[in-house]
Amino acid sequence: SHMHVRLQQSMYDWLQKIAVRNNIQLIISTHSEVIINSTDVGCIHTFFGNIPKQIGGDKHQLVEALKQVSALHIVSAQNNKFVLFAEGITDLRFLKSWARILQHDVLEKLTDVFFEPTGNNQCDGARDKFKCLKIVEPNLKGVFIRDGDVSITTPAQLPPDLKVFYWQRKEIENYLI
């Protein structure tokens, strides 16, 4: 994993020659862009979950996904099939508190939700992270709850499975006293 880029390519080429010569299959666990780019996309699988799955998308998308998502994110996406985006952890805490006080059914889901703070009110970060997660979990659905600042627009290029909702007031804190 810590080899120089040219050495990674040489090692991978050498392993492929041995595999062909001996009629064997290689199973390699890697995040190496060199190896990913040297492999047919149809031969790249994820082994997260119970059954290995072929990766969707192209190599560029896969490399970007590996840069942006951790193994924990992948497991959370595959287990929950849903991700909630909001500006920060306080948004999730407010939602949980309100659900608890109102005795709302959503509290159970919020307790175990796969939550991703965006750090801001822009859609770009949520959209990009969501697209990366969709590569390893095609059935993923997502919601981004944003502040109600009307000057901020939602980009048209959002994936169809990522829904964006706005607070009627400018921000979630405006619902407090």
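Begin by selecting helix 1, which gives the most to the lining of the largest pocket, contributing four residues. The model on display is predicted.

**First stop: the largest pocket**

Keep helix 1, which covers residues 5-22, in view and add helix 2 (33-37), strand 1 (45-46), helix 3 (59-68) and helix 4 (71-80); each of these five elements supplies at least two residues of the pocket's lining. The space that the lining encloses has a volume of about 920 Å³. To find its centre, select Ile28, Cys43, Ile44, His45 and Phe47, which lie nearest to that point among the 32 lining residues. Colouring the lining by class would show 21 nonpolar, ten polar and one charged residues.

**Second stop: the largest nonpolar core**

Next, select Ile55, Leu62, Val83, Phe85, Phe130, Leu133 and Leu140. Within the largest nonpolar core, which has 23 residues, these touch the most other members. Helix 3, helix 4, strand 3 (82-86) and helix 7 (123-136) each supply at least two residues of this core. Its largest share, seven residues, comes from helix 7. Apart from this core lies another, of 13 residues, including Leu84, Leu110, Val113 and Ile172.

**Third stop: helix 7**

Now isolate helix 7. Its 14 residues, at 1.5 Å a residue, should span 20 Å, and the C-alpha atoms at its ends are 21 Å apart, which agrees. Which residues of helix 7 are buried? They are Cys123, Ala126, Arg127, Lys129, Phe130, Cys132, Leu133, Ile135 and Val136.

From this group, select leucine 133. When residues up to four places away in sequence are not counted, leucine 133 touches Val69, His73, Ile74, Ala77, Phe114 and Leu140.

**Last stop: phenylalanine 85**

Finally, move to phenylalanine 85, which is placed in strand 3. Is this residue buried or exposed? Phenylalanine 85 has a relative accessible area of 2%; the limit for a buried residue is under 20%, so phenylalanine 85 is buried.

Display the surroundings of phenylalanine 85, leaving aside neighbours within four places in sequence. Phenylalanine 85 is then in contact with Phe115, Glu116, Thr118, Ala126, Lys129, Phe130, Val143, Phe144, Ile145 and Leu162. Among these partners, Ala126, Lys129 and Phe130 are buried residues of helix 7. A distance drawn between the C-alpha atoms of phenylalanine 85 and phenylalanine 130 should read 9.3 Å, although 45 residues separate the two along the chain.

Definitions and conventions:
Residues are numbered from 1 along each chain as its sequence is written. This is a predicted model: local features need pLDDT of at least 70, side-chain atom pairs count only at pLDDT 80 or more; totals for chains, interfaces and linings use all residues. Side-chain values use heavy atoms; hydrogens and water are left out. On a 1 Å grid over the protein atoms alone, a cavity is a set of points where a 1.4 Å probe fits but cannot get out, and a pocket is an open set with protein on both sides within 12 Å along at least five of seven lines; lining residues have an atom within 4 Å of a point. Grid points are joined across faces, edges and corners, and a volume is the space filled by probe spheres set on the points. Ala, Val, Leu, Ile, Met, Phe, Trp, Tyr, Cys and Pro count as nonpolar, Asp, Glu, Lys and Arg as charged, and the others, Gly among them, as polar. A nonpolar core is a set of buried Ala, Val, Leu, Ile, Met, Phe, Trp, Tyr and Cys residues joined through side-chain atoms within 4.5 Å. Buried means under 20% relative accessible area, exposed over 50%, partly exposed in between (1.4 Å probe, protein chains only). Contact means heavy atoms within 4.5 Å. The expected span of a helix is 1.5 Å times one less than its number of residues.
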